[in-house]
Amino acid sequence: MSATNLKRALTGTVVSNKMDKTVTVLVERKVKHPVLGKVVRVSKKYHAHDENNEFNQGDVVTIEETRPLSKTKTWRVSKLLEKAGEA
């Protein structure tokens, strides 16, 4: 098994594309609360590399882990799942 298969992949929504070659992706997951037993949504934002500035706000994308590209950027956008406004 090669190292390329070991990369983590997450799916989320682009919430900002104001930076050059970078998008902010909001990843939400559902977790059962340890005490209450209720399912709660937990969200986290990741900065991901977008080489051609092709992704816009509202797009659903898959990001995968990569080497550190900057202080906050260790993910890159691997593919577009749904374009914004397609519903």
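Me: Where is methionine 19 placed?
Reply: In this predicted model, methionine 19 sits in the loop between strand E1 (9–16) and E2.

Me: Does it count as buried, exposed or partly exposed, and why?
Reply: Methionine 19 counts as partly exposed because its relative accessibility is 34%, and the partly exposed class runs between 20% and 50%.

Me: Which residues is methionine 19 in contact with, leaving aside neighbours within four places in sequence?
Reply: Methionine 19 is in contact with Thr24, His47 and Asn53. As for aspartate 50, 31 residues apart from methionine 19 along the chain, the C-alpha atoms of the two are separated by 9.7 Å.

Me: Changing topic to lysine 73: which strand is that in?
Reply: Lysine 73 belongs to strand E5.

Me: Is its side chain buried or exposed, and what is the nearest side chain of opposite charge?
Reply: Lysine 73 is buried and has no salt bridge. Glutamate 51 is the nearest side chain of opposite charge, 7.4 Å away.

Me: What does the side chain of lysine 73 make a polar contact with?
Reply: The side chain of threonine 22, at 2.9 Å. In addition, a polar atom of the lysine 73 side chain lies 3.4 Å from the backbone oxygen of lysine 21.

Me: And the largest nonpolar core, how many residues make it up?
Reply: Eleven residues, among them Val14, Tyr46, Phe55 and Trp75. Strands E2 (22–32), E3 (39–49), E4 (60–65) and E5 (73–82) each supply at least two of them, and E2 gives the largest share, three residues.

Me: What does tyrosine 46 touch, not counting residues up to four places away in sequence?
Reply: Tyrosine 46 touches Leu10, Val23, Thr24, Val25, Val27, Ile63 and Trp75.

Note on methods
Residues numbered from 1 in each chain as written. Predicted model: local features only at pLDDT ≥ 70, side-chain atom pairs only at ≥ 80, totals over all residues. Heavy atoms only, no water. Core = buried A, V, L, I, M, F, W, Y, C linked by side-chain atoms within 4.5 Å. Buried < 20%, exposed > 50% of the residue type's maximum accessible area, 1.4 Å probe, protein only. Helix = DSSP H or I, 4+ residues; strand = E, 2+ residues; numbered from the N terminus. Contact = heavy atoms within 4.5 Å. Lys, Arg positive; Asp, Glu negative; His and termini not counted. Salt bridge = Lys/Arg side-chain N within 4 Å of Asp/Glu carboxyl O. Polar contact = N/O pair within 3.5 Å; in protein donor to acceptor, adjacent residues only side chain to side chain.
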